[in-house]
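Here are some notes for a colleague who is coming to this structure without prior acquaintance. They take up the surface before turning to the charged pairs.

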Amino acid sequence: LKNKPKKTKKTKNKNKNKNTNKRRRRLTPAQEIIGGGVAGMVTRAVVTPLDVVKIRFQLQYNAPSAAALSGAAQTATQSSAVQYRSVWQSMKTIVREEGLAALWKGMIPGQLMVIPYSAMSFYTFHEFTSAVSDSISHQPHEHDVSNHSKHQPHISDGENIARNTLVSLVGGAVGGFVATTLTYPLDLIRTRLVAQQRKRIYTSVFSAVRMLYRTEGWRGFYHGLTPTLFGIVPYSALGFASYHGLKNVLVRWHSTTHQDSSDDNNYNNNNNNNSIAADDQQLAPLEKFVCGFTSGVTAKFLTLPIDMVKKRFQVRQFIWEQTRANGVVDTEASQSSRQFTTIRGCVQQIYRTEGIRGFFKGAVPSLVKSGPNWGITFFLYEAIVDYLGEEQETDETVA
């Protein structure tokens with residue numbers, strides 16, 4: 001009877017050690033692209049209504065001159081300037097005035113953009129971090145194994161998590177830069193299609209491409225690219241870094257909750273063998289979703305002002321054309337859109353006419369959208385790559 005619990009414990013430990021040797025196979029580039037593309041496609045379909053509301057908020061000008069008006073003129077100016085006041089009220093207004101399908105405006109160019117964007121973003125990130133991981137893991141081979149522990153200092157868990165987070169930060173920035181540069185024209189067309197209200201200038205994606213080229217030339221497809229890169233690079237970097245950082249912290253927390261010392265040894269071994277991504281197989285799907293949700297909200301909040309400047313640049317010329325198409329001689333929005341030609345000018349114009357709060361227009365729908373967007377994307381990506389790169393069991397055990 002005394003030996004029976006020991007035998008059970010030994011078997012349990014053996015199974016634990018064997019499980020820690022399960023590894024997700026190194027994915028091929030095609031598998032990484034498929035995982036990122038499918039995750040982005042499904043997520044875009046779910047969060048498009050929130051994206052439409054966010055863009056409408058950001059492109060809504062609040063004219064300060066209305067405060068100087070009086071009576072009916074002030075009321076009319078304020079009512080036209082502030083059309084969207086909350087997420088729910090904005091959705092009801094859009095459906096009432098433009099129909100239910102308007103909540104999915106720009107869906108086609110949005111999907112055409114997000115599939116290659118998400119695919120290239122995840123692919124570039126994992127190729128970069130894998131290269132860094134390989135270079136780190138090969139360093140110990142420069143010394144004899146028996147002498148390695150004598151010459152190499154032990155890396156603590158905190159230092160390891162910090163190093164992994166830093167690499168994820170750089171990898172996310174690189175992935176965001178590459179993906180944005182390749183897909184930016186589709187993002188610009190999507191934004192302009194969403195910005196259209198009852199009087200449409202563009203009837204389809206192809207008409208938008210033709211008119212954009214005819215009125216603004218090839219350079220028109222990259223209007224606002226610079227502020228977009230200023231926004232998306234830190235946004236992508238913060239998103240990837242916070243997601244993988246939170247996962248590493250959760251993996252460590254799960255390991256420290258077990259009393260068996262072998263679990264801690266396995267954690268350290270896994271982190272040393274795979275220096276960027278912790279062994280996250282012990283994390284529940286909900287935990288991965290929460291990590292993605294939190295990283296999305298954090299990254300979006302910190303980059304909201306840059307996203308605001310980007311959107312204003314993308315529709316600068318378009319607002320003036322839409323004003324003419326509606327038969328209006330001039331409006332506060334069209335005047336404001338033509339008062340800047342540089343990033344600095346756009347920032348000054350927003351601050352002068354709308355104040356600090358102008359940089360955070362659409363903050364609520366942006367954050368409401370960004371949290372589920374990152375949560376669902378990372379959740380689906382992890383599920384897809386787990387399926388494509390099924391774990392391989394080995395008969396080796398960790399002593």
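1. In this predicted model, the residues I34, V38, M41, V42, V46 and I115 together make a nonpolar patch on the surface, with an area of about 440 Å². The element that gives the most to this patch is helix α2, which spans residues 29-58 and supplies 5 residues.

2. One of the patch residues, I34, is found in helix α2. Is I34 buried or partly exposed? Its relative accessible area is 45%, and because buried means under 20% and exposed means over 50%, I34 counts as partly exposed.

3. Turning to charge, the structure holds 16 salt bridges. As a general matter, side chains of opposite charge can pair when their charged atoms come close. The points that follow look at some of these pairs.

4. E216 and R192 form a salt bridge in which the closest N and O atoms are 2.7 Å apart. This pair links distant parts of the chain, since E216 belongs to helix α8 (residues 205-216) while R192 belongs to helix α7 (residues 157-195), and the two are 24 residues apart. E216 has a relative accessibility of 15% and therefore counts as buried, and R192, with a relative accessible area of 1%, is buried as well.

5. A salt bridge also joins the side chains of E382 and K247, at 2.8 Å from N to O. Because E382 lies in helix α15 (residues 363-388) and K247 in helix α9 (residues 225-257), the pair ties together parts that are 135 residues apart in sequence. E382 is buried, with a relative accessible area of 5%, and K247 is buried too, with a value of 5%.

6. Which residue does E354 pair with in a salt bridge? The partner is R312, and the closest N and O atoms of the pair are 2.9 Å apart. E354 is located in helix α14 (residues 343-354) and R312 in helix α11 (residues 285-314), so that this salt bridge ties together parts of the chain lying 42 residues apart in sequence. Both E354 and R312 are buried.

7. Salt bridges can also be followed from one residue to another where they share partners, and in this way R44, D51, K54, D187, R190, K300, D307, K310 and K369 are joined into one network. A reader tracing the charged side chains may wish to view this network alongside the pairs described above, E216 with R192, E382 with K247 and E354 with R312.

Notes
Residues numbered from 1 in each chain as written. Predicted model: local features only at pLDDT ≥ 70, side-chain atom pairs only at ≥ 80, totals over all residues. Heavy atoms only, no water. Salt bridge = Lys/Arg side-chain N within 4 Å of Asp/Glu carboxyl O. Helix = DSSP H or I, 4+ residues; strand = E, 2+ residues; numbered from the N terminus. Buried < 20%, exposed > 50% of the residue type's maximum accessible area, 1.4 Å probe, protein only. Patch = residues over 30% accessible without salt bridge, like charges linked within 9 Å, V, L, I, M, F, W, Y side chains within 5 Å. Areas by Shrake-Rupley, 256 points an atom, 1.4 Å probe, with all protein chains shown as cover.
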